[in-house]
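Let's take a friendly walk through a protein model, one stop at a time. Keep the structure open beside you as you read.

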Amino acid sequence: VTDIWTWVYAYRDRVKRSGDAPRIVMYQYFYQAMHQTIDPVQKLALFEEGRARAESLGEAWWVLLFDHWRILTLLLRLQSVDRAREIAISAAVEARKPMYDALPQRVCIYDDLISIYLATDPVGYRRIIEDALTFMQRESQPGTACSFCHQEDKVQALLAWNELAAAESHAQAFVAMAQNDDHARARAFRRLMLIAATKADWKAALHYAVECEQAAGKRMDSLPSRVQAIAWKAAALQSLGDSRAAKAEFRRAIREVEDGQLIPASEYFDALSTYNEASGARDRAVMVRTRQLATLAGTGRVADEVRCRLEVCRLLAELGRPFNMESAAARDAASRLVDPTPALATLARLIDNHV
Amino acid sequence: MDESLKIERHTFKLFMPGLLRVLAEHLYSAKQVAVRELLQNAHDSCQRRAIEAREEQYQPRIHIETDSRNGRLIVSDNGGGLTATEIGDYLATIGRSYTRELRDQLEMLSHDQAATLIGQFGFGFLSAFLIASEVTLITRSRSGSGSALRWNSTGDESYEMQPWDRDEPGTTVELLLKPSSLFLLHESILLDIIRLYADFLPIPIYVDNGTLPVNLLAPPWAKVDARRAITEYIARSFRHDEALWILPLHDETIDLGHDTAVLPLAGFLYIPQSSTMSVHEHGDVRVFIRHMFICDGETKLLPTWARFARGVIDSPVLQPTASRESLHQDESFEAIQRALNEQLTAALRRLAEEDPSTWQVVMFAHAQIITAWAPQDQNFFDQVADHIPFATSRGDMCLPDFLKLTANTIYYVRTKLGSLQERLLAEGHNVATIDASTFAVVPFLEAYARSRPGLQVIRLDIESTRMLQAVDDTPFLGLVAMFRQRGIRAGVASFKPATVPALIVYPEDADAIIDARGALAAGELPGPFAGMVQAYLEAKPLLADDLRGKLYLNASCPLIRRLAASELDLKYEAVLTLIYQISRLFSGRTLTSADVIDAFASATKSIESLLT
């Protein structure tokens with residue numbers, strides 16, 4: 001078996017043909033979580049219940065499959081890295097056993113670990129992330145869903161390390177790889193959009209945001225890409241001076257997040273904050289960052305939290321307001337990074353300039 | 001008569017701007033409803049033409065055009081159109097509905113024709129101003145009297161009307177959308193709205209340059225291959241759901257005593273693949289009235305016990321609220337409730353008798369929800385009570401099988417049963433035990449017992465969520481010290497069954513941590529991921545001692561009490577070793593194959609020493 005979905009569908013057909021009620025029900029939990037709910041809490045509950053059933057039925061491969069999707073739900077929909085890490089470590093250790101040698105999902109479990117360390121502290125864990133990416137380069141087969149995840153990890157890492165030229169080159173390659181897969185193409189354009197936004201190339205950011213939204217369409221699994229695309233459209237349009245269109249996109253982004261019951265990723269808040277700053281509303285940008293901090297509390301996204309707290313300090317400094325409490329909180333958050341030096345240096349610069 | 005007591009009669013006044021604003025902007029909860037009202041007006045206009053003109057060649061159609069460049073949405077029909085008088089009497093008269101008046105006339109002549117008309121209240125057109133800052137209507141009446149007309153309004157008290165050019169009968173409504181409503185021009189959003197509201201309307205709806213209608217034109221239950229059409233509809237409209245079982249609904253004949261009456265009811269109910277109690281309950285229906293969508297997720301029409309079912313119903317007797325986004329809970333509503341209850345109950349009974357394998361899949365798939373809700377209805381409860389599987393200390397089983405093991409008594413614990421050790425603790429009374437850790441199980445068991453005289457329900461872990469009871473350890477200190485001298489963490493507790501001398505209890509994640517440490521030490525993890533696992537373990541505070549678990553000596557066990565009361569000397573060495581190794585093996589936790597071999601070797605050696 002070379003593809004996880006081939007195996008999943010073959011299993012489904014087999015148990016349905018044989019009328020194996022407990023296994024049919026187990027599969028149905030998986031199906032419902034994947035296709036029939038957008039509520040992340042509900043998704044997680046369904047995956048957990050399915051896993052419990054798989055465990056009681058002795059379906060070890062399915063246990064690992066449910067674990068992988070629990071991790072993704074926690075990581076991408078609930079933004080909870082800490083909980084995802086507990087499951088991912090345990091699953092990675094379990095996956096080393098020979099009984100999983102033929103399980104296509106095994107490589108996904110390793111990929112989950114990379115995503116978790118990227119979400120925790122990509123700079124601090126740079127060495128082990130680089131090693132893992134090199135390892136995965138050998139493991140993932142071209143044209144499979146695994147190769148898409150691997151390519152996206154590479155781009156995400158390079159972006160986090162501020163190697164924008166390399167990130168862009170890999171993102172363009174990702175777009176080419178994902179030509180026949182809308183979901184993957186949306187993710188690829190999202191990465192290009194974020195790179196362009198980092199470079200403040202707003203025309204390019206807008207172009208990639210439009211491409212990203214089109215590729216995402218109304219697919220449930222592409223919702224995170226879609227809302228980020230709309231939010232960055234707002235930021236780009238505002239930066240390009242089209243306030244009317246920007247405002248409409250800004251409102252649409254907020255509505256999509258509410259309708260989709262999504263806990264958005266940091267890139268979404270980055271876009272809203274950029275939009276507000278470009279509109280000359282720094283105080284609103286502070287409010288956006290405050291909302292972001294509420295979503296980050298207790299999730300284990302240390303680097304995101306530090307970046308967000310530094311942004312709050314910067315915005316308050318630019319507004320000419322005191323930020324003693326905020327800088328103390330930023331310092332405290334930075335102490336949880338593997339190497340807090342760069343963040344503390346940034347903070348020191350903000351304080352010095354403000355004084 | 002005192003002039004000051006004279007009663008004066010006054011009439012209410014209408015403040016038109018305020019009334020218009022309420023009707024146009026606050027009556028409806030969502031902007032999408034405006035599209036529904038426009039589609040319905042277009043539909044009724046076509047139906048009126050079909051009824052009134054009786055043209056053999058007439059082919060009704062509705063066309064929607066999006067003009068993103070200019071922010072316009074245009075809805076056209078080739079229906080009956082309006083004369084200047086009709087515009088004044090109906091379109092511009094709030095609360096008066098041409099469609100309703102025509103339907104009232106037709107009710108006496110042709111019930112079928114009357115049923116094709118949807119409009120009721122006479123102010124749906126105002127909802128156009130919910131999404132548009134300006135509305136222009138170009139219409140030509142099929143009666144041929146007078147020229148075509150252009151009507152225009154910006155939503156205030158007045159409107160403009162003038163002669164216009166239009167060759168064909170029908171009406172075109174052009175809306176200049178407000179900025180907040182421009183999202184309606186997105187093709188996918190517009191198609192979703194049309195399919196939601198107007199999928200079942202019999203008149204084809206085309207969008208932009210599309211050559212095929214975007215709506216289904218008829219409800220799936222009216223198709224020739226209804227079962228297949230319903231299955232496809234479920235997959236399309238309920239997020240790729242698949243039905244375990246489908247029940248087509250039918251008109252219900254109501255016995256009035258002296259006569260019978262027919263309650264019109266169409267649609268279907270179905271049982272989805274699975275449900276999770278409190279998380280993924282169903283029990284809701286999508287409601288249509290005269291083929292027009294009214295609301296989704298209506299939870300009061302199906303009986304409370306049917307949380308594992310959902311469906312789609314269409315009945316003209318249901319009464320919508322003025323905004324037509326929900327239903328009046330009147331006598332018709334209650335009649336539909338009763339009809340659904342009766343049809344579902346009867347069909348499930350037939351399913352259990354005629355297709356037991358599907359029935360079993362339904363019971364397995366929805367066991368939790370059925371457990372939770374079945375006690376609400378005695379008839380349904382009686383039907384399902386013997387078919388629900390429960391987790392027990394001896395595996396999953398239904399109550400009749402369970403009762404064969406327990407001499408007609410239901411034993412349960414509120415503690416979740418996981419490992420074999422936990423199950424043994426649960427079987428402290430040497431009986432099979434039901435895991436009642438989820439909230440719905442006990443009420444179900446009690447309801448089961450109530451309907452079966454002589455059957456007892458007994459909880460085995462009363463007053464405690466833990467099955468290990470704390471005790472005064474003073475009499476056991478010497479014995480505990482003996483274990484500690486051998487490097488074993490030990491303590492005392494009381495638990496049943498008393499024949500078990502000791503158990504070892506571990507931290508919840510002990511296995512995972514030991515497994516991870518072992519994998520790292522053996523170099524079994526791919527290099528880069530070993531670093532990630534290592535980083536995780538370094539952040540875990542658990543000590544090696546914690547991971548080895550803690551031995552709890554059973555204060556209720558006669559052997560332990562005897563040992564505690566004895567002068568302990570070297571001859572007890574083998575006994576202590578045996579107690580520890582048996583507990584270790586029985587727990588089944590944190591053991592590698594080498595550990596198991598070591599434990600057996602140690603226990604065997606102890607037995608041999610006792611024999612010599």
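Our first stop is C308(A), which is buried, with a relative accessible area of 1%. Here buried means under 20% relative accessible area, exposed means over 50%, and partly exposed lies in between, using a 1.4 Å probe and protein chains only.

Before going on, note that this is a predicted model: local features need pLDDT of at least 70, side-chain atom pairs count only at pLDDT 80 or more, and totals for chains, interfaces and linings use all residues. Residues are numbered from 1 along each chain as its sequence is written, chains are lettered from A and ligands numbered from 1 in the order in which they are written, and side-chain values use heavy atoms, leaving out hydrogens and water.

Does a cysteine make you think of disulfides? A disulfide is a covalent bond between the sulfur atoms of two cysteines. In the search, a pair of cysteine sulfur atoms had to lie within 2.5 Å to count, and the whole structure gave 0 disulfides over all chains. Why does C308(A) have no bond to C313(A)? The sulfur of C313(A) is the closest cysteine sulfur to that of C308(A), but at 9.8 Å it is too far for a bond. C149(A) tells a similar story: its closest cysteine sulfur, in C108(A), is 6.3 Å away, too far for a bond. C149(A) counts as partly exposed, at 27% relative accessibility.

C308(A) also leads us to R289(A), since the residues that R289(A) touches include C308(A), F269(A) and E311(A), leaving aside residues up to four places away in sequence. Contact means heavy atoms within 4.5 Å. R289(A) sits in helix 15 (residues 282-296) of chain A; helices are DSSP runs (H or I, at least four residues), as are strands (E, at least two), numbered from the N terminus. R289(A) is buried too, with a relative accessible area of 4%.

Now look at helix 2 (residues 21-35) and helix 3 (residues 40-56) of chain A, which pack at an angle of about 160°, with their axes 8 Å apart. Axes are lines fitted to C-alpha atoms, for helices over the stretch in contact, and angles run from 0 to 180 degrees between N-to-C directions. That makes helix 2 of chain A roughly antiparallel to helix 3 of chain A (under 35 degrees is roughly parallel, over 145 roughly antiparallel, 65 to 115 roughly perpendicular, and the rest oblique).

Finally, chain B has 22 helices and 22 strands, and 49% of its 612 residues count as buried.
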